[in-house]
Amino acid sequence: MQVYIGLDNVGMFTGVLASLGSAAHKLQYLYATPTLDVRNQVLLILIKLRLYITNFQLGRSVQYICYMGKIHVQAMENN
């Protein structure tokens with residue numbers, strides 16, 4: 001998880017998400033309306049900022065990451 005978003009564990013991610021407060025629920029996008037929940041939207045934003053990649057690269061990376069089960073927040077909480 002640290003490689004992709006710079007945080008050591010899910011607890012730290014939850015803390016960052018909580019620190020955003022209601023602002024996390026007011027994210028605005030230029031081209032589309034998101035279908036993901038807020039946790040996964042913030043996760044994708046952190047990945048994009050950390051890795052400095054394009055939207056296309058982000059989509060390819062997230063498919064791989066979720067497939068490998070290494071970073072998806074809901075999957076990690078169940079372990």
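Buried means under 20% relative accessible area and exposed over 50%, with partly exposed in between (1.4 Å probe, protein chains only). The model is predicted: local features need pLDDT of at least 70 and side-chain atom pairs count only at pLDDT 80 or more, while totals for chains, interfaces and linings use all residues. Residues are numbered from 1 along each chain as its sequence is written, and side-chain values use heavy atoms, leaving out hydrogens and water.

**View 1. Buried and exposed residues of helix H2 (residues 10-20).** Helices (H or I, at least four residues) are DSSP runs, numbered from the N terminus. Val 10, Phe 13 and Leu 17 are the buried residues of H2. They line one face of the helix, because they fall within an arc of 60° seen down its axis (directions from the helix axis to the C-beta atoms). Gly 11, Ala 18 and Ser 19, on the other side of H2, are exposed.

**View 2. The ends of H2.** At the N-terminal end, Asn 9 acts as a cap, with a side-chain oxygen 3.1 Å from the backbone nitrogen of Gly 11. Gly 21 follows H2 and has a positive phi, near 60°.

**View 3. Surroundings of Gln 41 in helix H3 (residues 38-51).** Gln 41 counts as buried because its relative accessibility is 9%. Beyond its neighbours within four places in sequence, Gln 41 is in contact (heavy atoms within 4.5 Å) with Leu 27, Tyr 29, Pro 34 and Leu 36.

**View 4. Helix H5 (residues 73-78).** Among the elements of the chain, H5 has the lowest mean pLDDT (42) and H2 the highest (91); pLDDT is the predictor's confidence in each residue, from 0 to 100.

How values were computed: Helix = DSSP H or I, 4+ residues; strand = E, 2+ residues; numbered from the N terminus. Polar contact = N/O pair within 3.5 Å; in protein donor to acceptor, adjacent residues only side chain to side chain.
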